[in-house]
Amino acid sequence: MDLLNTSSSLTLPLAMFANVDPWIFAFSAITVVITVWMGFRSAKTSKTAGDFFVAGRSVSVGWNASAISGEYLSAASFMGIAGMVMAVGYDALWYPVCYACGYLFLLLFIAGPLRRFGAYTIPDFAEGRYDSPIFRKIAVVFVMFIGLFYTLPQMKGAGTTLAYIFPGLPYWVGVAVVGAVITLNVALGGMKGITLVQAMQYWMKMFAISVPVFVLMAVFGGYGKNLGANDGRTLAAAMNPVAEISAPAVAGAGTPAEVARHPLPAKAPSDEAWIAPFGPLTTKAAKAAGLSAEESKPLSLVYTYSLIIALVCGTAGLPHILVRFYTNPDGAAAKRTTMWVMILIGVFYVFPPVMGVIGRNLLPELYAATGAKGTDKIVLELPRIINERYGVWGSVLSGIACAGAFAAFMSTFSGLLVSMTSALAHDVYGRMLRPQSTPEQRMKMFKFAAIGIGGLSVLLGSQVEQLQINFMVGQAFAIAAASYFPLLFMSVWWRGMTMKGAATGMLSGGIAALICTTIINLGDLKIVDLAAFWAAHPLLRILCEQPAIWAVPLAIGLMIVVSKLTASQIPGNIRMKMLVLHAPEKLGLKQEYIQEQQSGMGH
Amino acid sequence: MSSSTPPSHDPVHSEAFLALLMRRQLKLSVACAAAFLVVLLGLPLANYFAPELMATRVAGFTLTWLILGVVFFPVVWVISFVFIKRSMGLEADEVRQIEKERQG
């Protein structure tokens, strides 16, 4: 009984421990200081526009793979996945798997050709491939939309983490503080500044998630053992909590079933729904409509497939990740980098679900809370239960986890800020508004843009406390999947594509996904009451919540149809462009194209 | 670029070379993607049509959790490794072919 009391007093209302845990604070502070210091230090070496936008195109495969992984593993990966696995179970596993394996599509179809083409940003590619300045504008708009959608969950991660470290601190203060620090950092250092920081942050995150997981597994039983506890004993446990709690697992105890489980609160999903496929996540719409289990299963299947398409295609269309491929020396390096990224993040993604599984058994109290106090903070909160047995070591582990969380949202937000800022400074200002501007003026613009977008991100981020981190990231993926992925895939592999075809497809798919996700968010934030409508149309809700299953084919289909209709407008030198995209660098075509472009564009 | 031949006569710029280049690379990419998609899209189907089998416990995991949460990653690494090896091989082959034609 003593165990139960201690744990709930530690985890329930934050106000109950007014003092900041020194260990947690120390580790978090170190992370922030190192990040900012490295940013400032490298600010001195970032001089040219190339340094700012693509880190001088001179980053080695090892560094670059670490940096891409560091940038990619966002608050959604570090905190959100564990929280979502805890909240909904098996269905959430699709997120980590597709986050990691989506890189395969990028590798197979896009990484090499895109790097060979030799542009600075995706809008550069869009303009170069179609000789169309208008298309650049369309592409820029989507950099901004996807970037902002992806920024929101990072801000939620920041608010949640700071509210955890400083109990009682309002959510929005955390958002504002972290947003300001990163904005300053990016404005000073640009892309070269953050490459090293992000590479280091990958290893920091890896350390910060794996060490607490290993310790927790050593103390409370392994992954399989904890998962094995979800075998339908929920009811028994709820009826007789003392019996369950009084038999805590001892480290290394032989019998696999003996994992101490705390009773689940009423809000938690049942064991059966949690561990089996087509659980609470994918059946939500059908449940709201009051459909039977049999009727909801096909709807779940649709949801699952749509989620898979959004995540896999979306990974291959994220602007802030794609821009990283331009920091590779050549196409071959871009491919090797992609493979290493898949290995680095794949290893990482095994860990967060373990946190979710153990969290379900040991910290089910979080099911009852919402917002910044709910399951999204399981990664931070869970290591503290070690305190019950080994004194202060749980706080140390929790501090390490907080440091990792800081690394997660700081690095991803930096990357997003760079890509959105590049889009404004390089594409909007440098190419559209003031083509005659000097590199100095553009770099100045880069700093202004960084501050503007940083401010906007903080403003929007303070509004999303009630949304799940991982779900918001999924929405950014769905928009990327329906806009950039079809554009890149078709532009690289089909010569018949015209600018009009590409623009129509990308705009239709992207805007369709954007509208759907906005409607869902307005409903979830209770700004518009859609509950009755969704209950009457469960399939519609699924297609709106996960639009990729129809938006991606819509985009590709429109690209083909419109391109066929405007076949006379295929860019004139298309064979040369295709050669640049596909021929090995050794044949020397890339240099030819870049010189030609540079003299033409005044770079 | 070899400086002796004007670009228009360089075999690199021939229609045949570009077609070969794209066809071979795309074929490889599609084959690798197909292997990936069979696993990725097959798992929900297996869960749908054989829920009992997929719920079999293996060392505490259900079969479906074990596949998605642990085994899936190495499978994808193998596919990407094979792709990169083959793709680099194709590129080397293309360079060899062009250099032979330029000399000949």
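This passage describes the core, one enclosed helix, the pockets and the chain contact of a predicted model.

Local features were taken at pLDDT of at least 70 and side-chain atom pairs only at pLDDT 80 or more, while totals for chains, interfaces and linings use all residues. Side-chain values rest on heavy atoms, without hydrogens and water, residues are numbered from 1 along each chain as its sequence is written, and chains are lettered from A in the order in which they are written.

A convenient place to start is the interior. The largest nonpolar core (buried Ala, Val, Leu, Ile, Met, Phe, Trp, Tyr and Cys residues joined through side-chain atoms within 4.5 Å; buried means under 20% relative accessible area with a 1.4 Å probe, protein chains only) has 215 residues. The members that touch the most others are Tyr72(A), Tyr99(A), Phe135(A), Tyr349(A), Phe36(B) and Trp65(B). Leaving aside residues up to four places away in sequence, Tyr99(A) is in contact (heavy atoms within 4.5 Å) with residues including Tyr72(A), Ile81(A), Leu311(A), Tyr349(A) and Phe477(A).

Helix 7 of chain A, residues 122–130 (helices are DSSP runs of H or I, at least four residues, numbered from the N terminus), is largely enclosed by the rest of the structure because nine of its nine residues are buried. Among them are the charged residues Asp124(A), Glu127(A) and Arg129(A). Asp131(A), which follows this helix, has a positive phi, near 50°.

Turning to open space, the largest pocket (on a 1 Å grid over the protein atoms alone, an open set of points where a 1.4 Å probe fits, with protein on both sides within 12 Å along at least five of seven lines; lining residues have an atom within 4 Å of a point) holds about 1100 Å³. Its lining has 36 residues, with Lys284(A), Thr370(A), Gln466(A), Gln468(A) and Asp524(A) closest to the centre. By class, 20 lining residues are nonpolar, seven polar and nine charged.

The second largest pocket holds about 590 Å³. Glu272(A), Ala273(A), Ala276(A), Pro277(A) and Phe278(A) are the closest to its centre, out of 29 lining residues. Both chains contribute here: helices 13, 14 and 15 of chain A and helix 2 of chain B each supply at least two lining residues.

Finally, the two chains meet through 59 residues from chain A and 51 from chain B. Together they bury about 5000 Å² (accessible area lost to a 1.4 Å probe, summed over both parts), 78% of it on carbon and sulfur atoms. On the chain B side, Tyr48(B), Trp65(B) and Phe73(B) lose the most area to chain A, together 16% of what that side buries.

Terms used: Buried means under 20% relative accessible area, exposed over 50%, partly exposed in between (1.4 Å probe, protein chains only). Grid points are joined across faces, edges and corners, and a volume is the space filled by probe spheres set on the points. Buried area is the accessible area (1.4 Å probe) that two parts lose on being put together, summed over both.
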